[in-house]
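Subject: Handover of a structure and findings

Dear colleague,

Please find below the structure that I am handing over to you. My findings follow it.

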Amino acid sequence: MNKVLQLGLQSSVVNVAKFLVVPLRCLRAGSYVVGVGVGTVSFNKRLMSNATTVKSIPFSISNNNSNRKDLKIVAAVTDQMGSDSDRDEMGTLQGDKKEIEAMTVQELRTTLRKLGLPVKGRKQELVSTLRLHMDSNLPGESSGSEQKETTTSTRSESVTIKRKIRSREKLAEDDCINSEAYGIENGEKRVKQSTEKTLKAKVSSKAISKEQKSLTKTGKQQFLSKEEASSTISSEVLSQSEPWTVLAHKKPQKDWKAYNPKTMRPPSLPEGTKHVKVMTWNVNGLRALLKLESFSALQLAQRENFDVLCLQETKLQMKDVEDIKKTLIDGYDHSFWSCSVSKLGYSGTAIISRIKPLSVRYGTDLSGSDHDMEGRIVTAEFDSFYLINTYVPNSGDGLKRLSYRIEEWDRTLSNYIKELEKSKPVILTGDLNCAHEEIDIFNPAGNKRSAGFTIEERQSFGANFLDKGLVDTFRKQHPGVIGYTYWGYRHGGRKTNKGWRLDYFLVSESIAANVHDSYILPDINGSDHCPIGLTLKL
């Protein structure tokens with residue numbers, strides 16, 4: 001029965017599956033099966049620190065003409081070997097440059113194939129590949145400190161060497177034995193796949209590689225500890241289900257972070273603290289949202305326990321309102337709807353509340369104004385503040401409404417707010433259709449002439465609202481945090497968190513200090529926008 005020589009992959013070895021996989025090649029040497037690491041410098045020098053016995057195993061290569069050239073592979077047997085015999089742990093091919101150059105093309109290809117190396121190209125290219133492989137596998141002198149380096153650094157270097165070979169030879173083929181399919185009993189089992197695909201299967205993204213590596217003073221790359229790598233991989237898996245936790249931005253600044261409501265929201269207010277909780281949401285068609293099996297208005301209300309809900313882009317007609325009111329959740333008995341009359345089934349806003357407001361206004365009180373014909377504003381007066389729910393007009397394709405937006409709408413709304421502030425502070429909320437700063441949009445450079453991010457809209461946003469005393473509550477609470485509220489359907493931006501922050505809570509400066517929390521709920525689906533919330537101490 002053939003003996004099997006196992007290359008000391010003991011349980012004490014670092015679990016490299018969490019870092020990087022270097023494919024193993026299988027060579028049959030007479031009655032032995034020997035595993036050889038492709039392009040690995042001094043294979044198992046660091047994996048096998050306790051081996052004592054070294055065997056020299058003859059390995060023959062034959063071709064059709066029965067010409068044979070003897071090469072040797074020295075393999076280590078795990079038992080307790082001192083540092084003096086470290087040089088024999090990885091087999092080296094015994095043969096000088098002349099012997100390799102004297103080999104025929106067929107012999108070279110046979111040798112390279114058994115070593116698991118590329119076999120295409122002219123003779124000189126095959127010679128170069130084999131010599132480079134031999135050089136990379138020669139064990140070198142190492143100090144005591146070098147022997148303690150992790151095997152993952154060595155494996156990373158070997159992958160780099162192999163990539164250079166493939167680039168030089170312009171090859172597209174590589175045979176690889178998957179470490180899971182490889183076993184001692186059937187060591188010849190092979191799985192065809194590229195090295196890069198194997199690496200991708202083990203390391204899911206470039207982000208993991210970047211976070212796992214740190215530069216030492218000597219310039220060598222080392223991977224993080226097994227526990228740190230495991231944590232990094234876990235976060236990558238989590239980011240697939242919670243993409244908003246990934247910092248997605250074309251040109252992020254070094255201190256920017258991705259918004260995570262699980263970790264960035266403050267604790268709930270102490271019981272008995274008087275406060276009001278307001279939520280706002282562009283639902284992009286209320287009837288369609290209510291038909292979704294995945295959405296439950298009751299569950300949302302129970303989870304968030306909001307006092308007031310503001311909706312934009314309801315797309316309702318007045319004839320639809322009464323039917324919708326019948327479906328409202330118990331306790332939210334006060335609802336106020338504004339529908340477009342200039343274009344049916346378009347725009348539309350609503351305020352739904354369990355607190356009865358003192359008064360309600362629709363529009364800006366400018367009779368006959370275009371601003372009030374599209375159902376874009378509902379204002380509710382409460383004891384301590386005015387709540388303005390608005391759906392700001394989009395500048396449209398080709399920026400056709402840009403002039404109307406910045407010269408008429410923004411100015412009119414700003415003046416309306418200032419009038420209300422004469423008696424009470426104001427909360428302005430809704431889809432304001434402007435990503436005010438570069439941090440508020442994934443791709444600022446590519447959207448400078450897109451509606452919602454033109455320099456004209458951004459300047460108007462600042463001049464008419466922020467410069468007039470309104471405070472952007474989310475940005476005040478999270479000055480360096482990327483939190484989007486809108487992701488376009490067209491390119492699946494929600495899955496990759498490539499979005500815009502278009503929805504806001506702006507409050508009068510006089511009550512800005514009372515804001516306990518201004519937050520985003522990116523996990524709520526059903527629209528191309530997500531809800532946002534505000535908790536205000538009274």
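I begin with Lys-498, which is partly exposed at a relative accessible area of 42%. In this message, buried stands for a relative accessible area under 20%, exposed for over 50%, and partly exposed for what lies in between, using a 1.4 Å probe and protein chains only. Please note that this is a predicted model, in which local features need a pLDDT of at least 70 and side-chain atom pairs count only at pLDDT 80 or more, while totals for chains, interfaces and linings use all residues. Residues are numbered from 1 along each chain as its sequence is written, and side-chain values use heavy atoms, with hydrogens and water left out.

Lys-498 belongs to the loop between α16 (493–496) and β20 (503–508). Helices (H or I, at least four residues) and strands (E, at least two) are DSSP runs numbered from the N terminus. Along the chain, Lys-498 and His-249 are 249 residues apart, yet 7.3 Å separates their C-alpha atoms.

Strands

How much of β11 (308–312) is buried? The count is 5 of its 5 residues, so the strand is largely enclosed by the rest of the structure. Val-308, Cys-310 and Gln-312 point one way from β11, whereas Leu-309 and Leu-311 point the other way. Strands are taken as paired if DSSP finds at least two bridges between them. On the parallel side, β10 (residues 275–282) is joined to β11 by 5 bridges, and Thr-280 has Cys-310 as its bridge partner. In the antiparallel sense, β11 pairs with β13 (residues 349–353) over 5 bridges, where Leu-311 stands opposite Ala-350.

Strand β21 (residues 515–520) has 5 of its 6 residues buried, so the rest of the structure largely encloses this strand as well. It runs antiparallel to β22 (residues 532–537), and 5 bridges join the two. Ile-520 of β21 faces Ile-532 in β22.

Helix α13

Helix α13 (residues 402–421) has 20 residues. The expected span of a helix is 1.5 Å times one less than its number of residues. For α13 this gives 28 Å, and the end C-alpha atoms are 27 Å apart, which agrees. The helix nevertheless has a kink of about 30°, centred on Trp-409; the bend at a residue is the angle between axes fitted to the seven residues ending there and the seven starting there. Trp-409 is among the buried residues of α13, which also include Leu-402, Tyr-404, Ile-406, Leu-413 and Ile-417. Arg-411, also in α13, is partly exposed, with a relative accessible area of 47%. The C-alpha atoms of Arg-411 and Phe-465 are 9.1 Å from each other, with their positions 54 residues apart along the chain.

Rings and charges

Over the whole structure, the search finds 6 aromatic pairs. Rings of Phe, Tyr and Trp (its six-membered ring) pair if their centres lie within 6.5 Å; planes under 30 degrees apart count as stacked, over 60 as edge-to-face and the rest as tilted. One of the pairs is formed by Phe-306 and Tyr-332, tilted at 45° between the planes and 5.2 Å centre to centre. Phe-306 lies in the loop between α11 (297–304) and β11, and Tyr-332 in the loop between α12 (318–326) and β12 (334–338), so this pair ties together parts that are 26 residues apart in sequence. Both rings belong to buried residues. Elsewhere, ring pairs link Phe-461, Phe-465 and Tyr-504 into a cluster.

A charge is counted over a ring if NZ of Lys or CZ of Arg is within 6 Å of the ring centre and within 35 degrees of the ring normal. Arg-265 is placed over the face of Tyr-519, 3.6 Å from the ring centre. Lys-424 is likewise over the face of Tyr-386, at 5.8 Å.

Backbone

Most residues other than glycine have a negative phi. Asn-284, in the loop between β10 and α10 (286–291), has a positive phi near 55°. Ser-347 has a positive phi of about 55° and sits in the loop between β12 and β13. Ser-347 is buried, with a relative accessible area of 2%.

Annotation

The unreviewed UniProt entry annotates residues 100–134 as "domain: SAP". UniProt positions follow the numbering used here, feature names are shortened, and annotations may be inferred rather than shown by experiment. In the model, this span is 71% helix and 0% strand, and its end C-alpha atoms lie 11 Å apart.

Yours sincerely
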